[in-house]
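Grab a pencil and work through these exercises with the structure open next to you. Try each task before you read its solution.

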Amino acid sequence: MIRALLILCLLAVAAPAHAQAPEAHSPQTPAGAISTRDDRATDLAILARISSILAQVPQFDGVRVQVDAGIVTLEGEVAEQQTVDRLQTLLARVEGVVAIQNGVILSTDLGTRLETVRDRAQSRLTQLVAGLPFMALGLGVGALIVLAGGWLSRRQRTLSGIAPNPFIAGFLAQTIRLVAWIVALVVALDLMGARALLGTLLGAAGIFGLSLSFAARDTIEGVVATMLLSLRQPFNPNDLIEVNGLRGRVIRLTSRGTTLLTLDGNHIRIPNQIIYKAVLTNYTRNPERRFMVDLTIDPTADLGRARDVVLKSLKGMTFVLDRPEPVAWLDASGPEHVVIRAGGWVSQDGTDFDLARGEAFRLLRHALDAKGYLLPEPVHRIRIEDSQAEQSRPAPARPADSRLSDAASDAAFEEMVERGRIDDGRDLLSPTPRS
């Protein structure tokens with residue numbers, strides 16, 4: 001197995017060299033029709049023309065040429081393979097040449113090869129010296145463009161006027177700096193005459209950007225989600241939202257995620273890409289919110305009057321809004337009981353929704369119980385005829401208190417949310433709710 005791999009490697013190395021070495025006995029046929037005229041004068045004319053051409057090019061000094069019947073035979077040595085290819089192409093253009101037998105080989109003389117390398121190095125050094133003014137000009141123009149981009153990216157007041165959100169303003173500043181560097185690089189390389197290098201760099205940058213987009217897909221998705229959330233602002237500080245079953249008050253929105261304070265006092269940080277793609281419920285965006293309570297009543301009672309009692313009780317509650325009006329309807333859940341679904345609207349500005357719903361449920365049950373509409377409880381009573389038992393019998397329970405409890409919002413919880421909103425420059429939410 002190892003020998004086979006070694007043989008394949010040797011063949012792969014030898015194949016390019018074999019392809020570059022010209023075949024000495026395979027004639028190269030120029031394009032065009034072959035003339036029917038064949039004489040010594042034509043061969044001498046071809047030989048004279050080729051000799052004069054070879055005499056003008058120093059790289060062809062070691063080449064000897066013979067012409068017979070329009071077939072050109074070349075012999076000698078040259079220093080580079082490029083010279084062989086150039087000679088082949090040049091002689092094929094001479095009129096009257098029927099074929100070319102190229103016997104020119106590469107020189108093995110070390111001095112000749114080193115002299116060629118020296119001449120090539122001198123030529124490139126001359127080109128470099130001649131291009132120094134253009135290099136200085138390109139570097140100067142590129143530096144000016146970079147400085148201008150940096151100055152513009154530091155104009156915080158101007159960027160804040162264009163993009164009030166701090167994340168968008170910072171992203172815009174980074175974009176300006178990046179664009180300035182790219183424009184400076186393109187202009188500098190163009191002034192230096194290095195367009196080939198420019199194309200190589202742009203191609204490499206494209207490949208690098210494509211590979212980076214696959215490797216950092218989650219990071220890029222998070223940045224895009226943060227940008228869109230910063231622009232759209234679907235929630236404000238202290239808004240009560242629910243995302244994927246997680247409910248809490250919004251503390252802050254940063255470039256890494258959104259922090260919530262749950263109603264139990266726990267901090268939750270949710271990645272922005274999850275918030276952007278998930279179904280988000282904002283309970284605070286609309287100040288008016290309707291609560292719903294279910295009340296089970298006796299199916300043998302007057303259902304219409306029971307419903308009127310519920311509506312009257314809802315309208316008498318101070319925290320229930322008059323507009324939209326409270327609603328109540330009957331839901332036949334089974335033959336043994338009937339459910340009244342009652343709902344009323346409250347303003348969340350100063351009223352806690354959960355407290356208001358609980359208080360409404362208590363007051364409605366009290367009102368229905370006072371009228372005898374509630375479902376009788378399955379209680380078995382045992383009466384003991386004993387004077388001592390009569391004296392120790394507990395007093396009957398009094399009706400539930402119908403006074404209104406406090407349904408105002410929890411000020412202590414609001415203070416907890418505000419303490420979590422530390423102004424460290426990373427919060428991307430607007431400080432005040434939008435109208």
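## Exercise 1: Two asparagines

Asn-244 counts as exposed, because its relative accessibility is 54%. Keep in mind that the model is predicted.

**Task.** Find where Asn-244 sits, then work out whether Asn-238 is buried or exposed.

**Solution.**
- Step 1: Look in the loop between S4 and strand S5 (246-253), and you'll find Asn-244 there.
- Step 2: Check the backbone: the phi of Asn-244 is positive, about 50°, although this residue is not a glycine.
- Step 3: Now go to the loop between helix H9 (217-232) and strand S4 (240-243), which holds Asn-238. Its phi is positive as well, near 75°, and Asn-238 isn't a glycine.
- Step 4: Why bother with the sign? Because most residues other than glycine have a negative phi.
- Step 5: Compare accessibility with the cut-off: buried means under 20%. Asn-238 has 17%, so it counts as buried.

## Exercise 2: An unusual peptide bond

**Task.** Which two residues does a cis peptide bond join, and where is Pro-324 placed?

**Solution.**
- Step 1: Look at omega: it is about -5° for the bond that joins Arg-323 and Pro-324, and this bond is cis.
- Step 2: Place it in the fold: Pro-324 lies in the loop between H11 and strand S10 (327-334).
- Step 3: Remember the general rule, that most peptide bonds are trans.

## Exercise 3: A pair of helices

**Task.** Describe how H11 and H12 pack: what are the angle and the distance between their axes, and which residues meet?

**Solution.**
- Step 1: Locate the helices. H11 covers residues 303-316 and H12 covers residues 353-371.
- Step 2: Read the geometry: the angle is about 140° and the axes are 10 Å apart.
- Step 3: Name the arrangement. Angles over 145 degrees would count as roughly antiparallel, so H11 and H12, at about 140°, are oblique to each other. Their crossing is right-handed.
- Step 4: List who touches whom. From H11 come Ala-306, Val-309, Val-310, Ser-313 and Leu-314, and they meet Leu-364, Ala-367, Leu-368 and Lys-371 of H12.
- Step 5: Sort that contact by class: seven residues are nonpolar, one is polar and one is charged.
- Step 6: Stay with H12 a moment. It has 19 residues and spans 27 Å from first to last C-alpha, close to the 27 Å expected.
- Step 7: Pick out the buried residues of H12; among them are Phe-353, Glu-359, Leu-364 and His-366. Their cover includes strand S9 (288-297), H11 and strand S11 (337-347).

## Exercise 4: Far in sequence, together in space

**Task.** How many residues apart in sequence are Val-63 and Val-104, and what else does Val-63 contact?

**Solution.**
- Step 1: Start in strand S1 (residues 63-68), where Val-63 is found. Its relative accessible area is 10%, so Val-63 is buried.
- Step 2: Count along the chain: Val-63 and Val-104 are 41 residues apart, yet their C-alpha atoms are 7.1 Å apart in space.
- Step 3: Leave out neighbours within four places in sequence; the contacts of Val-63 are then Leu-54, Leu-74, Glu-75, Val-78, Leu-87 and Val-104.
- Step 4: Try another pair. Ile-100, in strand S3 (residues 99-106), is buried at 0% relative accessible area. Ile-100 and Thr-73 are 27 residues apart in sequence and 6.0 Å apart, C-alpha to C-alpha.
- Step 5: Zoom out to the chain: among contacts between residues at least 6 apart in sequence, 69% join residues at least 24 apart.

Key: Residues are numbered from 1 along each chain as its sequence is written. This is a predicted model: local features need pLDDT of at least 70, side-chain atom pairs count only at pLDDT 80 or more; totals for chains, interfaces and linings use all residues. Side-chain values use heavy atoms; hydrogens and water are left out. Axes are lines fitted to C-alpha atoms, for helices over the stretch in contact, and angles run from 0 to 180 degrees between N-to-C directions. Helices (H or I, at least four residues) and strands (E, at least two) are DSSP runs, numbered from the N terminus. Angles under 35 degrees count as roughly parallel, over 145 as roughly antiparallel, 65 to 115 as roughly perpendicular and the rest as oblique. A crossing is left-handed if the near helix is turned anticlockwise from the far one by less than a right angle, and right-handed if clockwise. Contact means heavy atoms within 4.5 Å. Ala, Val, Leu, Ile, Met, Phe, Trp, Tyr, Cys and Pro count as nonpolar, Asp, Glu, Lys and Arg as charged, and the others, Gly among them, as polar. The expected span of a helix is 1.5 Å times one less than its number of residues. Buried means under 20% relative accessible area, exposed over 50%, partly exposed in between (1.4 Å probe, protein chains only).
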